[in-house]
Amino acid sequence: MPRERRVLEIGFGDGLRLFKISSRSRMKKLQFLGVDKEVPAPARGQLYSNLRLEQDDAVDFVSKQPPDSHYHVYSLFTLKYIPLKRRPSFFHHLRRILEPG
């Protein structure tokens with residue numbers, strides 16, 4: 001059985017882009033996960049059947065993902081919030097959880 005296709009966006013800001021994309025009918029088959037350091041309390045958790053928002057540090061989030069985690073698409077708009085000394089760890093764990101291809 002094929003795995004569900006999951007999209008990870010780190011640093012989604014106000015979330016408007018992520019909300020719009022996940023609500024489009026052709027995107028309903030994908031599971032979206034947004035991770036940001038600052039998420040307003042009402043927006044945390046499951047918003048749509050295919051969209052969930054989590055409040056977490058990007059490096060901590062990717063390092064906590066279990067080995068069988070898999071994301072097909074990844075989006076990061078800026079690295080400025082990931083300290084230079086933590087970037088190697090961030091990219092190491094990100095490579096680990098991304099589906100090849």
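**Figure 1. Arg17 and its salt bridge with Glu9 in the predicted model.** Arg17 has a relative accessible area of 40% and is partly exposed. This close-up, like the others, is taken from a predicted model. The side chain of Arg17 meets that of Glu9 in a salt bridge, with 2.6 Å from N to O. Glu9, in contrast to its partner, is buried, at a relative accessible area of 3%. The count of salt bridges in the model comes to 6.

**Figure 2. Asp57 in a network of salt bridges.** The network links Lys37, Asp57, Asp60 and Arg86. Asp57 is buried, and its relative accessible area is 13%. One salt bridge of Asp57 is with the side chain of Lys37, at 3.8 Å from N to O. Distant parts of the chain are linked by this pair: Asp57 belongs to the loop between β4 (51–55) and α2, Lys37 belongs to the loop between β2 and β3 (45–48), and the two are 20 residues apart. Asp57 also meets the side chain of Arg86 in a salt bridge, here at 3.2 Å from N to O. Arg86 is in the loop between β5 and α3, while Asp57 is in the loop between β4 and α2, so this pair ties together parts that are 29 residues apart in sequence. Arg86 counts as partly exposed, with 26% relative accessibility.

**Figure 3. The largest nonpolar core.** This core has 13 residues. Those with the most contacts inside the core are Leu8, Ile10, Phe61, Val62 and Phe90. Two or more residues each are given to the core by β1 (6–10), β2 (31–36), α2 (58–64) and α3 (87–97). The largest share, 4 residues, comes from α2.

**Figure 4. Surroundings of Ile10, and a second core.** Leaving aside residues up to four places away in sequence, Ile10 touches Val35, Ala58, Val62, Tyr74, Ser75, Leu76, Phe77 and Phe90. Apart from the core in the previous view there is a second, separate one, with 9 residues. Phe12, Ile21, Phe32 and Leu51 are among the residues of this second core.

**Figure 5. The buried and exposed sides of helix α3.** The buried residues of this helix are Phe90, His93, Leu94 and Ile97. Looking down the axis of α3, these buried residues fall within an arc of 105 degrees, so they line one face of the helix. Pro88 and Arg95, on the other side of α3, are exposed. The buried residues of α3 pack against three elements, namely β1, α2 and β5 (73–76).

**Figure 6. An aromatic cluster of Tyr74, Phe90 and Phe91.** These three residues form one aromatic cluster. A search of the whole structure finds 2 aromatic pairs. In the pair of Tyr74 and Phe90, the ring centres are 6.5 Å apart and the planes are at 55 degrees, so the pair is tilted. Tyr74 is part of strand β5 and Phe90 is part of helix α3, so this pair ties together parts that are 16 residues apart in sequence. Tyr74 counts as partly exposed, with 23% relative accessibility. Phe90 counts as buried, with 0% relative accessibility. The rings of Phe90 and Phe91 have centres 5.1 Å apart and planes at 75 degrees, so this pair is edge-to-face. Phe91 counts as partly exposed, at 29% relative accessibility.

**Figure 7. Arg6 over the ring of Tyr71.** The charged end of Arg6 sits over this ring, and the distance to the ring centre is 4.1 Å.

**Figure 8. Asp68 and the residue Ile97.** Asp68 is found in the loop between α2 and β5. At 58% relative accessibility, Asp68 counts as exposed. Ile97, on the other hand, is one of the buried residues of α3. Asp68 and Ile97 are 29 residues apart in sequence, and their C-alpha atoms are 7.6 Å apart in space.

Notes
Residues numbered from 1 in each chain as written. Predicted model: local features only at pLDDT ≥ 70, side-chain atom pairs only at ≥ 80, totals over all residues. Heavy atoms only, no water. Core = buried A, V, L, I, M, F, W, Y, C linked by side-chain atoms within 4.5 Å. Buried < 20%, exposed > 50% of the residue type's maximum accessible area, 1.4 Å probe, protein only. Contact = heavy atoms within 4.5 Å. Arc of directions from axis to C-beta. Phe/Tyr/Trp six-rings, centres within 6.5 Å; stacked < 30°, edge-to-face > 60°. Lys NZ or Arg CZ within 6 Å of the ring centre and 35° of its normal. Salt bridge = Lys/Arg side-chain N within 4 Å of Asp/Glu carboxyl O.
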